[in-house]
Amino acid sequence: MVIAGDRRAFTNLVEPHLPRLLATSLRMVGIREEAEDAVQNALASAWIARARLDPRRPVLPILTTITLNKCRDKLRRRKAAQFLGFGKASSFEIVADETPSPEVEASDRQSLHAAYAEIQNLPLRMREALILVAIDGRSQKEAAVLLGITEKAVEGLVYRARNTLRKKLDIA
């Protein structure tokens, strides 16, 4: 049905995966509007390439790969725009921890902002592996398939990303 061009079947196929795709995208690009754009572009690309979808295979890994590619595109464009002076440093959306003390809330918000900023400063492959495994909760095997690398490479990238963050954020 999807391959034949049934939009309703396509919507039914991708809709259950939208929250996870948006969460992954938001973690990659850090700005909600850009994350939503990346997911929208990924879905448009999936729709255009629907003839190549294999109905026997799960669609989430395919959609995640396309979404990651669209996030990479966004990040490249952002970097180029900043280099050319068209963009300002990105701001990160932060969900504050609901605590009764405003001081604790401000401190937590500052720590979360620092963590997001350091994650954004990680090399792209390290960031992707960390987000997929440590934040999205995917297995190393699944992350390896999505990133097109070995499980051992994913393990190494996540290990190095965590160590880098520990050092940068001064976490014991």
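**Notebook: an all-helix chain**

I began with Ala23, which is partly exposed at a relative accessible area of 26%. Buried would need under 20% and exposed over 50%, so Ala23 falls in between. The model I am reading is predicted. I placed Ala23 in helix H2. I then looked up its distance to Ile131: the two residues are 108 apart in sequence, and their C-alpha atoms are 9.8 Å apart in space.

**Entry: Thr24**

I moved on to Thr24, which also lies in helix H2, residues 18-29. Is Thr24 buried or exposed? Its relative accessibility is 2%, so I count Thr24 as buried. I asked next which residues Thr24 is in contact with, leaving aside neighbours within four places in sequence. I found Leu68, Ile131, Leu132, Asp136 and Arg138.

**Entry: the whole chain**

I stepped back to the protein chain and listed its secondary structure: eight helices and zero strands. Read from the N terminus, the elements run α-α-α-α-α-α-α-α. The chain has 172 residues, and 32% of them are buried. I also checked contacts between residues at least 6 apart in sequence; 64% of these join residues at least 24 apart.

**Entry: helix H1**

I turned to H1, residues 7-14, where I noted Ala9, Phe10 and Val14 as buried. Looking down the axis of H1, I saw its buried residues within an arc of 120°, so they line one face of the helix. I recalled that an α-helix has 3.6 residues a turn, so residues three or four places apart point the same way.

At the N-terminal end of H1, I found Asp6 as a cap. A side-chain oxygen of Asp6 lies 3.0 Å from the backbone nitrogen of Arg8.

**Entry: H1 against H3**

I looked up how H1 sits against helix H3, residues 32-48. Their axes come within 12 Å and cross at roughly 130°. H1 and H3 are therefore oblique to each other, and I recorded their crossing as right-handed. Which residues meet there? From H1 I listed Arg7, Phe10 and Val14; from H3, Leu43, Ala46 and Trp47. Phe10 and Val14 had already appeared among the buried residues of H1.

**Entry: H6 against H7**

I then took helix H6, residues 124-135, and helix H7, residues 140-147. What is the angle at which H6 and H7 pack? I read about 140°, with the axes 9 Å apart. H6 and H7 are therefore oblique to each other. Oblique still applies because only angles over 145 degrees count as roughly antiparallel. I noted a right-handed crossing for H6 and H7.

On the H6 side, the residues that meet H7 are Arg125, Glu128, Ala129, Leu132 and Val133. Their partners in H7 are Gln140, Ala143, Leu146 and Leu147. Leu132 was familiar to me from the contacts of Thr24.

**Entry: the faces of H7**

Last, I went through H7 by exposure. I found Ala143, Ala144, Leu146 and Leu147 buried. Down the axis of H7, the buried residues fall within an arc of 165°, so they line one face of the helix. On the other side of H7, I noted Lys141 and Val145 as exposed. Just after H7 I came to Gly148, which takes a positive phi of about 70°.

Terms used:
Residues are numbered from 1 along each chain as its sequence is written. This is a predicted model: local features need pLDDT of at least 70, side-chain atom pairs count only at pLDDT 80 or more; totals for chains, interfaces and linings use all residues. Side-chain values use heavy atoms; hydrogens and water are left out. Buried means under 20% relative accessible area, exposed over 50%, partly exposed in between (1.4 Å probe, protein chains only). Helices (H or I, at least four residues) and strands (E, at least two) are DSSP runs, numbered from the N terminus. The arc is that of the directions from the helix axis to the C-beta atoms. A polar contact is a pair of N or O atoms within 3.5 Å; within protein, one must be able to donate a hydrogen and the other to accept it, and residues adjacent in sequence count only if both atoms are side-chain atoms. Axes are lines fitted to C-alpha atoms, for helices over the stretch in contact, and angles run from 0 to 180 degrees between N-to-C directions. Angles under 35 degrees count as roughly parallel, over 145 as roughly antiparallel, 65 to 115 as roughly perpendicular and the rest as oblique. A crossing is left-handed if the near helix is turned anticlockwise from the far one by less than a right angle, and right-handed if clockwise. Contact means heavy atoms within 4.5 Å.
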